[in-house]
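Visitor: I would like a close look at a single part of this structure, the largest pocket. Please explain the terms as you go.

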Amino acid sequence: MNCDLHERSCIDNVSIFSGLTKEEKDEIFSISHHKTYNRGDIVYSAGEKKEQLFIVHQGKIKISRISSDGKEQVIRILTNGDFMGELSLFSGEPMSDYAEVLEKTSICMIDGKELKTYMMKHPEIAFKIIEELSTRLEIAEELIEGINLHSVEWRLAHVLLKRANKNGIVLINTTKGNFASQLGMSQETLSRKLALFEDKKWIKQLTMRKILILDRNALSELL
């Protein structure tokens, strides 16, 4: 079904459309469809060809890849306002990853062919997509470098310091298993290292998904 008035915020919340007027956004709405997924649903799988841009309206999506030996590598976790499917849309190649729903999620899907036509009139959208892809590439390169060149302790300290807010709080927006996969380690290893950091009074685990950094200097010395 077409996105109704309630669902139009799925377009308003996306940075690539932020420079458009209300009338221009209405054109995007007209080529959009809305669908709700439940936890565990697969939005798309590697090898599929999709002619759509997917926007997360509300919920969480896990983007991952599966190696030849069946090992999962979590690439990123998408939340409200994030988009996916752009690489396949613009390259014409099949999807290279999997998009799995982590909680009840509503998605707006924009018709790819019509979006490409629309972008000819509004090239600023293409530039913003390129900016987002550049950011994602930088994150992916950091991940590869961390896994190949740095220790488990370095990777954990690095991500904690990078994600901490000004009060030293780190919020983990997914399960420990997914978080561990993003860092290129097992969940058991992550739990052991968090416990070690806590024993050394470098951090305090406030909840399953909230960590307080107690000693930034100690973590920085690991880098």
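Guide: What follows is a walk through the largest pocket, with a short look at the second largest pocket for company.

This is a predicted model, in which local features need pLDDT of at least 70 and side-chain atom pairs count only at pLDDT 80 or more, while totals for chains, interfaces and linings use all residues. Residues are numbered from 1 along each chain as its sequence is written, and side-chain values use heavy atoms, with hydrogens and water left out.

Rolling a probe the size of a water molecule over the atoms shows where empty space is left. A pocket here is an open set of points, on a 1 Å grid over the protein atoms alone, where a 1.4 Å probe fits and where protein lies on both sides within 12 Å along at least five of seven lines; its lining residues have an atom within 4 Å of a point. The largest pocket has a volume of about 1300 Å³, a volume being the space filled by probe spheres set on the points, which are joined across faces, edges and corners. Of the 44 residues that line the largest pocket, I75, R76, R136, I139 and A140 are the closest to its centre.

Helices (DSSP runs of H or I, at least four residues) and strands (runs of E, at least two) are numbered from the N terminus. Helix 5 (123-149) gives the largest share of the lining of the largest pocket, 13 residues. At least two lining residues each are also supplied by other elements, among them strand 4 (61-66), strand 5 (72-78) and helix 7 (176-182).

Sorted by class, the lining of the largest pocket holds 19 nonpolar, 12 polar and 13 charged residues, where Ala, Val, Leu, Ile, Met, Phe, Trp, Tyr, Cys and Pro count as nonpolar, Asp, Glu, Lys and Arg as charged, and the others, Gly among them, as polar. Because domain 1 (8-140) and domain 2 (149-221) both give residues to this lining, the largest pocket lies between them; the domain bounds come from an automatic or database domain assignment.

The second largest pocket has about 170 Å³ of space, and of the 13 residues that line it, R39, L102, T175, N178 and R209 are the closest to its centre. Its lining has two nonpolar, five polar and six charged residues. Domain 1 and domain 2 both give residues to the lining of the second largest pocket, so this pocket lies between them.
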